[in-house]
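Let's take a friendly walk through a protein model. We will begin with the whole chain and then visit a few places inside.

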Amino acid sequence: MNVLWLQSGGCGGCTMSLLCAETPDLMAMLADAGIDFLWHPSLSEASGAEAVELLSACASGARPLDVLCVEGALLRGPHGSGRFHMLAGTGRPMIEWVRELAGRATHTVAVGTCAAYGGVSAAGANLTDACGLQYDGDASGGLLGAEYRSGSGLPVINVAGCPTHPDWVIETLLALALGEFGAEAMDALGRPRFYADHLVHHGCSRNEFYEFKASAEKPSDLGCMMEHMGCKGTQAHADCNLRPWNGMGSCTSGGYPCISCTEPGFEEPGHPFAETPKVGGIPIGLPTDMPKAWFVALAALSKSATPKRVRVNATADHAVIAPVNRKTGLK
């Protein structure tokens, strides 16, 4: 399976994340699965005329293109010309190359939230007119249009994340190589369901604090960060706490609130990332599938039953009180 990887308007963070995959030899592992990286602008030796020749061969159909991976938002400006981002040595805008190559690709993959929905590159005034491959924020369309389908009949596969977890990229490519990735494997926003059908809340190391609504009040506190510090883990679709980064880390376990970086528009939440907006003292961002009245009732009951250990530890930077030693009674 031939893979061509292009980098458009972004920071390159998804490539850096991919290089941090736990496998000791990423390229050898992909090669063992029959996945051949034709070219990557940051990792390949080929450059200049040799790289342009390869791109031209893929665009013309002379070289089969199984998977087109695009990292970074597509810069359509100024005035739709795409000339804010010219592909060096070709005299053509990147968006022209992407449109042409996407028309040849068996599968098209957006790597990262910028390529999927516009992401950070589209924040603010968006003077570059940045967008995703098939979405502009949460509106379908983007560069390729809502009706675009790759040679496989699938829309763009949005491996969203800022940056993406390396496993999300690897597992998507492996599934494509095995012919086991179809329309049913994608959620309503085009994300692979193997990670998007989970919530960041699942497996969070702070879940005991959440259960008792014992909240962190400042950075470094051990408590749940939903009530005061902007954490969206109960709403964000990703499995970050079930498959820790580099085998052990995640945003919440590292003391930073989840900002829901796999969703369109995460880059402009309308409030500081580390603050929770509230109405009448009740956080706006409640768990996705719980009625507000139920949550308020549960929170009041939970807080009244909070053990001292949980309450004290929630506002400390280390476990001040350890769990009591007690026989469980289990045989």
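## The overall build

The protein chain holds ten helices and 13 strands. Its radius of gyration is 22 Å, close to the 20 Å that the globule rule gives for 331 residues, so the chain is as compact as a globular protein of that length. Keep in mind as you look around that this is a predicted model.

If you follow the C-alpha trace along its principal axes, it spans about 70 × 50 × 35 Å. Among contacts between residues at least 6 apart in sequence, 70% join residues at least 24 apart.

## Inside and outside

How much of the chain is buried? Buried residues account for 47% of the 331 residues. On the outside, the chain exposes about 15700 Å², and carbon and sulfur atoms supply 56% of that area.

Charges are part of the picture too. The chain carries 23 positive and 33 negative charges, and the mean positions of these two groups are 12 Å apart.

## Two domains

The domain assignment splits the chain into domain 1, covering residues 2-197, and domain 2, covering residues 200-319. Their C-alpha centres lie 32 Å apart.

Where the two domains meet, 27 residues of domain 1 are in contact with 16 residues of domain 2.

## A visit to Tyr195

Now zoom in on Tyr195, which sits in helix α7, residues 193-196. Is Tyr195 buried or exposed? Its relative accessible area is 0%, so Tyr195 is buried.

Which residues does Tyr195 touch, leaving aside those up to four places away in sequence? They are Asn158, Val159, Ala160, Trp168, His237, Ala238, Asp239 and Thr262. Take His237 from that list: it is 42 residues from Tyr195 along the chain, and the C-alpha atoms of the two are separated by 7.4 Å.

## A visit to Ser302

Our last stop is Ser302, found in helix α9, which runs through residues 292-304. Ser302 has a relative accessibility of 9%, and a residue counts as buried when that value is under 20%. Therefore Ser302 belongs with the buried residues.

What does Ser302 touch, again setting aside residues up to four places away in sequence? Its contacts are Glu211, Phe212 and Lys213. Try finding Ser302 and these three contacts in the structure.

Note on methods. Residues are numbered from 1 along each chain as its sequence is written. This is a predicted model: local features need pLDDT of at least 70, side-chain atom pairs count only at pLDDT 80 or more; totals for chains, interfaces and linings use all residues. Side-chain values use heavy atoms; hydrogens and water are left out. Helices (H or I, at least four residues) and strands (E, at least two) are DSSP runs, numbered from the N terminus. The radius of gyration is taken over C-alpha atoms; the globule rule is 2.2 Å times the number of residues to the power 0.38. Buried means under 20% relative accessible area, exposed over 50%, partly exposed in between (1.4 Å probe, protein chains only). Contact means heavy atoms within 4.5 Å. Accessible areas come from the Shrake-Rupley method with a 1.4 Å probe; for residues, only the protein chains shown count as cover. Lys and Arg count as positive and Asp and Glu as negative; His and the chain ends are not counted. The place of a charge is taken as NZ of Lys, CZ of Arg, CG of Asp or CD of Glu. Domain bounds come from an automatic or database domain assignment.
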